[in-house]
Amino acid sequence: VFEAWDFGGQAIFYTLHHLFLSAMGVYGVLFNMEWFGLGSDETAREALEFIDFWLNSIFLHTQSAGGGCAPILLIGTHKDKVSDPNDHMRIHKILSDRFGRSMALTAWRSIEMYTEGGGG
């Protein structure tokens with residue numbers, strides 16, 4: 001059985017998230033690629049803080065006694081609006097530099113970056 005839940009990202013819902021997070025899940029943290037490709041430096045900073053919040057929250061509520069946690073995937077949306085492969089590589093570098101050593105992203109290290117037909 002596959003179930004997908006969309007958690008509200010607004011602060012008012014934060015107190016409820018722990019009720020739904022478990023080590024038995026696989027989590028996708030979605031972000032708009034425009035935040036890094038077309039947005040301002042302030043937008044990019046806020047986006048990194050947003051992603052950081054979710055990674056920490058999922059890690060905190062799904063960690064095992066061994067220090068690991070449920071798998072987390074970072075998923076960039078709006079690829080059609082950020083279509084230049086060079087922008088994809090730059091976004092990948094920003095995320096790798098910020099989160100590459102994150103304990104929450106052990107699954108991400110093995111996936112690295114999705115490429116569609118070798119085109120990024």
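The protein chain has five helices and two strands, and the model it comes from is a predicted one. Read from the N terminus, the order of elements is α-β-α-α-β-α-α. As for how the 120 residues of the chain are packed, 29% of them count as buried. Contacts lean heavily on long-range pairs: among those with a separation of 6 or more, 67% involve residues 24 or more positions apart. On the outside, the chain exposes about 7,700 Å², and 58% of that area is supplied by carbon and sulfur atoms.

Next, the interior. The largest nonpolar core holds 22 residues, and the ones with the most contacts inside it are Val29, Phe31, Phe36, Ile51, Leu74 and Leu95. Four elements each put two or more residues into this core, namely strand E1 (27-32), helix H3 (41-62), strand E2 (72-77) and helix H4 (85-99). Of these, H3 gives the largest share, with eight residues. Val29 makes a handy reference point, being on the list of residues with the most contacts inside the core. Setting aside neighbours within four places in sequence, Val29 touches Ile51, Trp54, Leu55 and Ile58, and also the run Ile72, Leu73, Leu74 and Ile75. Two of those partners, Ile51 and Leu74, are themselves listed with Val29 among the residues with the most contacts inside the core.

Then there is the open space. The largest pocket encloses about 770 Å³. Its lining comprises 27 residues, with Trp5, Phe7, Val26, Tyr27 and Gly28 lying nearest the centre of the pocket. At least two lining residues come from each of E1 and H3, and E1 gives the most, with six. Sorted by class, the lining breaks down into 17 nonpolar residues, eight polar ones and two charged ones. E1 and H3 thus turn up in both settings: each gives two or more residues to the core, and each supplies at least two to the pocket lining.

One backbone detail is worth a look. His78 is not a glycine, yet its phi is positive, at about 65°. This residue sits in the loop between E2 and H4, two elements that each give two or more residues to the largest nonpolar core. Is His78 buried, partly exposed or exposed? With a relative accessibility of 32%, His78 counts as partly exposed, because that value falls between the 20% limit for buried and the 50% limit for exposed.

Terms used: Residues numbered from 1 in each chain as written. Predicted model: local features only at pLDDT ≥ 70, side-chain atom pairs only at ≥ 80, totals over all residues. Heavy atoms only, no water. Buried < 20%, exposed > 50% of the residue type's maximum accessible area, 1.4 Å probe, protein only. Contact = heavy atoms within 4.5 Å. Areas by Shrake-Rupley, 256 points an atom, 1.4 Å probe, with all protein chains shown as cover. Core = buried A, V, L, I, M, F, W, Y, C linked by side-chain atoms within 4.5 Å. 1 Å grid on protein atoms, 1.4 Å probe; cavity = no way out; pocket = protein on both sides within 12 Å on 5 of 7 lines; lining within 4 Å. Points joined across faces, edges and corners; volume = space filled by probe spheres on them. Nonpolar A, V, L, I, M, F, W, Y, C, P; charged D, E, K, R; others polar.
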